[in-house]
Every structure is written in structure tokens, then in C-alpha cells.
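Colleague: Could you take a close look at one part of this model for me, and then carry on to what surrounds it? Please explain the terms as you go, since I spend my days at the bench.

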Amino acid sequence: MTLCKRAIAGAATLAMTLMASAAWAETLVVTADRMVDVERGVYVTAPVVVITDGRIVSVGDRVPADLPTDAKRLDLPGLTLLPGLIDMHVHLGGTPYVAGFEALRFADDFEPILQVPHARATLMAGFTTVRNLGGPPFADVALRQAIDGGFVEGPRVIPAGVSFGATGGHCDHTGMPHAMEMRNEYNADSPDAARHSVREVRKYGAQVIKVCATGGVFSHNTEPGQQQMTEAELRAVADEAHMWGLKVAAHAHGTEGIKAAIRAGIDTIEHASLIDDEGIRLAREHGTWLSMDIYNTDFTQATGTEFGVTEDNLRKDREIAQAQRDNFRRAHDAGARMVFGSDAAIYPHGRNAEQFAVMVRYGMSPAEAIRAATWNASQALGREADVGAVSVGRYGDLIAVAGDPLADVTTLQTVPVVVKGGEVVKDAR
């Protein structure tokens with residue numbers, strides 16, 4: 001066959017493939033009493049959303065006349081539509097019911113297996129996209145592949161692969177004797193090592209980079225306020241990740257570590273518990289997003305040491321809990337950019353939405369709290385074309401709730417209907 005004939009044959013095959021795809025395209029039409037415009041924080045009456053092959057193709061107030069004859073309908077009278085929610089900070093392999101040194105009683109693959117039911121619980125709670133910021137190395141990459149391949153149910157997972165930081169710091173294996181030789185092989189104790197770790201974790205599937213700039217609450221031999229990576233190391237992480245087109249999240253409770261991470265160009269600051277006025281000003285100037293998990297302390301303090309959390313870790317939690325909530329209010333009042341991040345695993349998966357009420361208690365309007373988990377989160381992810389709003393071109397990720405979420409965010413704690421990519425994955429009306 002000549003080159004010309006091959007080209008003609010190839011074009012014909014492509015055309016037939018496209019025609020077959022169009023013929024087999026799946027269309028879902030969703031209607032409801034109203035829909036939240038998350039950008040403006042207002043309601044749209046009687047929305048009609050059309051999803052074809054997983055993407056939204058039209059949003060209007062009437063059913064298009066040219067719908068395919070086999071289009072499916074999902075009519076939701078009495079309910080309110082919102083885009084699928086986004087949690088910017090989860091640990092799907094973790095569970096609050098096995099904590100501290102108790103985890104050493106379980107086999108290495110215990111947490112990877114737990115990801116599967118946790119992912120499903122998260123999706124059923126209305127969170128159709130999550131950013132997994134640490135866990136068993138690259139288990140979240142495997143989970144993403146399993147979900148995307150249709151093998152298990154779960155949200156869209158943006159995996160960090162493995163989080164890393166300084167030797168002996170929060171992202172390392174601490175609290176063990178020298179004889180056990182437990183360490184994080186991606187520890188970064190210099191700018192060059194930091195660049196190498198970014199390249200390594202990206203190589204194995206990370207879609208976001210997570211570093212630990214300060215000490216933490218649920219680690220041993222670290223204090224939340226301690227800076228544990230230098231500004232030069234953090235800048236090396238940010239520069240390298242951005243060169244590869246990846247965003248960076250920095251675990252940072254402590255005041256100086258927060259500011260170093262912001263100056264270094266980190267995209268989101270996780271926890272930000274002890275942020276001061278200068279840190280808030282820097283976050284505004286740099287356009288840095290703050291992800292502050294201000295709900296989970298209710299669970300940890302209520303359960304105490306029951307599941308293995310050490311008294312020392314509970315002490316650290318008590319010391320920063322109220323400061324973090326007060327600083328959340330101050331950052332919001334000052335106009336800092338904020339996203340929804342729950343740190344799910346510190347409390348049970350599937351209860352993510354319980355944080356909304358705490359965000360409102362500490363200064364946000366219901367519309368702002370919802371925006372943090374939709375519109376804002378999509379911007380922080382760099383995924384404005386895909387998630388975070390009900391608009392043409394984005395994924396057909398929707399939830400429906402009863403009641404008035406713009407007046408009472410606790411309605412988001414009970415989500416009867418979840419649609420992911422145009423597929424109805426939950427209908428519990």
C-alpha cells in the first residue's frame with residue numbers, strides 16, 4: 001500500500017471511529033428546583049444541565065430540543081444542585097481508629113487496602129475530587145489508577161505519591177530507636193536533595209508535591225512551631241515542581257515555617273495554624289492559598305487516647321487548636337485566599353462536610369465556605385477547566401441536597417445524590 005493510500009485509509013478509520021463515538025455517546029440530563037452558582041454565591045432557578053461523555057455540554061433553563069433519543073434523565077424536584085465538592089487535604093489510607101504506635105501491629109499493606117472503602121465513603125459524601133497529601137508510598141497513585149480504570153469507586157484523586165521533608169522531621173519516621181532504622185527515603189536535607197526528591201516522586205506518579213516545612217501534631221519528637229526545612233530547600237522544591245508543571249503543598253503549622261514557604265513560592269499552606277499578621281500579608285501578596293483544617297480537633301479531643309493517639313500528641317493538638325481557628329478568622333477577615341482542606345484520616349472519612357459549619361462559625365458566610373470547596377479549590381489545583389463549577393466543558397460532577405445550603409451549610413452533611421462524570425453513583429432519595 002502506498003503512503004497516500006495508507007493516509008486515506010487512516011483518515012477513513014478515524015472518521016468511522018469518531019462517528020461510532022458520537023453514536024455511542026452517553027447523555028444525561030439533570031434538572032432540579034435550583035442550583036448554586038458557586039462563583040457568585042447565588043441561586044439559579046430551574047437549572048437544566050446536560051452531560052455528554054462525562055463533560056457538561058450545556059447549562060440552561062430548558063431541555064434542548066436536539067437531545068439524543070436515548071438520553072437519560074435525572075429529575076430532582078425539591079433538591080438543590082451544586083458542583084461536586086473538592087477536599088484539598090485528605091489521607092485516604094489513614095484511619096483515626098488505628099493511631100500512634102498501634103499502627104505497628106498491622107501489616108505493611110493495611111493502609112493501602114483501607115484506601116478503597118475510604119475513597120468510596122468520600123465519594124458518597126459528595127466529594128468528587130480530593131488531593132491525597134501523604135500515605136504509604138505511591139499507594140494513592142495505584143488508587144487513582146484503579147478508580148480511573150473503573151475497578152473501584154471513588155473520587156478523582158490527585159496523588160502526592162509520598163510526602164517528604166527533613167531527616168527527623170514530621171514527614172520522616174520518628175519515635176523509633178536507631179536499631180529499627182526507619183526513615184523516609186525521600187528526605188531532603190539540602191536544595192539539591194530537595195530537587196532530586198521532587199523528580200523521584202514525580203517519576204513514580206505524583207501529581208502534586210507535598211513537603212513538611214515544620215513539625216507536626218501527630219508525629220513524635222517534633223513540635224508544630226518548629227521550622228524543619230530551610231527557605232532555600234523549600235524554594236528548590238517549588239522551583240523544581242513548577243518547572244515540571246506541578247503544584248506544591250507545604251505542611252506548615254509554625255509561624256516562621258509558614259512565611260518561609262510562602263516566600264519560597266509554595267502554592268498552598270496546609271494547616272497554617274500559627275500564621276501571624278506578616279504571614280497573612282505575605283499570603284495575600286504572593287497569592288498563596290491557605291488550607292486550614294479547623295474541624296478535626298473536635299474528634300481527636302473527644303476520643304482522646306482511645307485509638308492509640310499519645311497524650312503528647314493530644315497535648316500539641318490542644319495547644320494549637322484554638323489558635324488555628326482564631327487565625328482562620330483573621331486570615332479570612334484580611335482577605336487571604338482560602339480553600340477547603342479537612343485532613344480526613346484524623347477523623348473518619350465521609351464526614352468531611354462537617355467542617356463547613358466550623359468555617360462559618362469562624363467568619364465565613366455559607367457561600368464562602370462552599371466556594372472554598374469548589375471554585376477556589378479548582379483554581380488552587382490549576383484545574384479550572386475540569387472541576388469546581390457547573391459550567392460547559394467541566395466534568396459532569398454534581399451533588400444534590402435538600403434544604404438551603406446558602407443559609408445552612410449543615411445541609412451538605414447529608415448528600416442524597418452524587419453524579420461523577422455524568423454517572424449517577426448515588427441516589428438515596
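Modeller: Happy to! Let's begin with the open sheet, where five strands line up in the order S9-S10-S11-S12-S13 with parallel pairing. Its edge strands are S9 and strand S13 (337–339), and each of these pairs on one side only. On average, neighbouring strands are turned by 30° against each other, ignoring direction. Strands here are DSSP runs of E with at least two residues, helices are runs of H or I with at least four, and both are numbered from the N terminus. Two strands pair if DSSP finds at least two bridges between them, and the angles, on a scale from 0 to 180 degrees, are taken between N-to-C directions of axes, which are lines fitted to C-alpha atoms (for helices, over the stretch in contact).

A word on the numbers before we go further: this is a predicted model, with local features requiring pLDDT of at least 70 and side-chain atom pairs pLDDT 80 or more, while totals for chains, interfaces and linings use all residues. Residues are numbered from 1 along each chain as its sequence is written, and side-chain values use heavy atoms, leaving out hydrogens and water.

Within the sheet, three bridges join strand S11 (residues 268–271) to strand S12 (residues 289–291) in the parallel sense. If you look at Thr-268, you will find Trp-289 of S12 opposite.

Helix H6 (residues 255–264) is a good next stop. Seven of its ten residues are buried, so the helix is largely enclosed by the rest of the structure. Buried means under 20% relative accessible area, exposed means over 50%, and partly exposed is in between, using a 1.4 Å probe and protein chains only. Among the buried residues of H6 are Ile-258, Lys-259 and Ile-262. Their cover includes S11, together with strand S10 (247–252), helix H5 (231–243) and helix H7 (277–286). Just after H6, Gly-265 has a positive phi of about 100°.

At the sheet's edge, strand S9 (residues 208–212) holds Cys-212. Cys-212 forms a disulfide with Cys-171, their sulfur atoms 2.0 Å apart; the rule asks for a pair of cysteine sulfur atoms within 2.5 Å, and it yields a count of one. The link is right-handed, with 55° about the S-S bond. It ties together distant parts of the chain, as Cys-171 lies 41 residues away in the loop between strand S8 (156–159) and helix H4 (191–203). Both Cys-171 and Cys-212 are buried.

Now for the nonpolar side of things. A nonpolar core is a set of buried Ala, Val, Leu, Ile, Met, Phe, Trp, Tyr and Cys residues joined through side-chain atoms within 4.5 Å. The largest has 83 residues, of which Ile-209, Ile-269 and Phe-356 touch the most other members. At least three of its residues come from each of domain 1 (27–83 + 389–427) and domain 2 (85–381), with bounds from an automatic or database domain assignment. A second, separate core has 16 residues, including Leu-28 and Leu-398.

Finally, follow Phe-356 outward: its contacts (heavy atoms within 4.5 Å) include Phe-340, Val-409 and Leu-412. Leu-412 sits in the loop between strand S14 (398–401) and strand S15 (417–420). With 0% relative accessibility, Leu-412 counts as buried. The C-alpha atom of Leu-412 is 8.1 Å from that of Gly-126, 286 residues apart along the chain.

Terms used:
Lists of a residue's contacts leave out its neighbours within four places in sequence.
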